[in-house]
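Here are my notes for your review, arranged by topic so that each can be checked against the coordinates. Please read them with the structure open.

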Amino acid sequence: TCDITATKAGDSNYNAASDGPKSVALSPASQTITFAQPTSPAAYGATFSIAPTASSGLTVTVVATGGCTLLTGVVTMTSSSTACTLTANQAGNNNYSAAPAVVRTVSAGLANQVGFTLTVPSGVTFGATGTASTSGGSGGGAVTYSAGSSTGCTIDANTGVITVTDASGTCDITATKAGDSNYNAASDGPKSVA
């Protein structure tokens with residue numbers, strides 16, 4: 001409450017005068033939220049920080065829904081197809097009205113596989129076989145092998161077994177790991193078999 005009283009002191013001819021108390025109507029101040037738009041789209045598994053602020057200095061609460069989670073200001077994308085919705089609120093207090101909510105949407109996308117590597121054998125002789133192998137990559141996609149336009153070998157697309165058919169030819173192997181619901185396909189090669 002704010003109740004004001006005014007008093008005018010008396011002098012040699014007049015008594016003191018007073019008026020009041022009269023009430024001043026009080027109301028909370030308004031506030032706004034500043035919330036930068038995160039980079040969009042964001043790939044499955046990506047993380048990024050958010051730090052919305054209120055002009056009042058009061059703490060902003062953020063709720064994450066859709067294809068993401070939020071923990072201590074860090075957002076983690078949990079889907080490659082469902083957008084992440086971040087809603088920032090500040091409920092206000094005795095001195096500030098609630099701030100208008102601010103919503104930021106981040107589209108989801110497929111992630112690139114990391115560390116997919118092809119290893120090819122060396123010293124494979126005519127008529128003999130060797131086996132290519134892979135390591136790394138992400139997700140559950142199947143690995144397939146190809147000898148491309150090689151003139152000196154063939155390769156089993158599923159097992160990676162290489163057969164030398166012409167020792168004077170070339171043998172260049174490429175491996176591909178298929179994408180899945182969260183990851184893009186990955187490829188390594190061509191790599192030459194000596």
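The points below take up the disulfides, one sheet and the salt bridges in turn.

1. The coordinates come from a predicted model, and what follows should be read with that in mind.

2. A search of the whole structure gives two disulfides. When the bonded cysteines of the chain are numbered in sequence order, the pairing reads 1-2, 3-4.

3. One of these disulfides joins cysteine 68 to cysteine 84, with an S to S distance of 2.1 Å. Cysteine 68 belongs to strand S8 and cysteine 84 to strand S10 (residues 84-89), so this pair ties together parts that are 16 residues apart in sequence. The link between cysteine 68 and cysteine 84 is right-handed, with 70 degrees about the S-S bond. As for the surroundings of the two residues, cysteine 68 counts as buried because its relative accessibility is 7%, and cysteine 84 counts as buried at 0% relative accessibility.

4. Another disulfide connects cysteine 153 with cysteine 171, where the S to S distance is 2.1 Å. Here cysteine 153 lies in strand S17 (residues 153-155), whereas cysteine 171 is found in the loop between strand S18 (161-164) and strand S19 (172-177), so the pair ties together parts that are 18 residues apart in sequence. The torsion about the S-S bond of cysteine 153 and cysteine 171 is about 90 degrees, so this disulfide is right-handed. Both cysteine 153 and cysteine 171 are buried.

5. A further cysteine deserves a separate remark. Cysteine 2 has a relative accessibility of 26% and therefore counts as partly exposed, given that buried means under 20%.

6. Turning to the strands, three of them form an open sheet in the order S5-S9-S8, and the pairing is antiparallel. Strand S5 (47-49) and strand S8 (68-71) are the edge strands, each of which pairs on one side only. On average, and with direction ignored, neighbouring strands of this sheet are turned by 25 degrees against each other. Strand S8, an edge strand of this sheet, is also where cysteine 68 lies.

7. Within the sheet, S5 pairs with strand S9 (residues 74-77) in the antiparallel sense, over three bridges. At the level of single residues, phenylalanine 48 has valine 75 in S9 as its bridge partner.

8. How many salt bridges does the count come to? The count comes to two. In general, side chains of opposite charge can pair when their charged atoms come close.

9. In one salt bridge, the side chains of aspartate 19 and lysine 22 meet at 3.2 Å, taken from N to O. Aspartate 19 counts as partly exposed because its relative accessibility is 44%, whereas lysine 22, at 52% relative accessibility, counts as exposed.

10. Another salt bridge is formed by lysine 191 and aspartate 188, whose closest N and O atoms are 3.1 Å apart. Is aspartate 188 buried or exposed? With a relative accessible area of 18%, aspartate 188 is buried, because the cut-off for that class is under 20%. Its partner lysine 191, by contrast, counts as partly exposed at 28% relative accessibility.

Methods:
Residues are numbered from 1 along each chain as its sequence is written. This is a predicted model: local features need pLDDT of at least 70, side-chain atom pairs count only at pLDDT 80 or more; totals for chains, interfaces and linings use all residues. Side-chain values use heavy atoms; hydrogens and water are left out. A salt bridge is a side-chain nitrogen of Lys or Arg within 4 Å of a carboxyl oxygen of Asp or Glu. Buried means under 20% relative accessible area, exposed over 50%, partly exposed in between (1.4 Å probe, protein chains only). Two strands pair if DSSP finds at least two bridges between them. Helices (H or I, at least four residues) and strands (E, at least two) are DSSP runs, numbered from the N terminus. Axes are lines fitted to C-alpha atoms, for helices over the stretch in contact, and angles run from 0 to 180 degrees between N-to-C directions. A disulfide is a pair of cysteine sulfur atoms within 2.5 Å.
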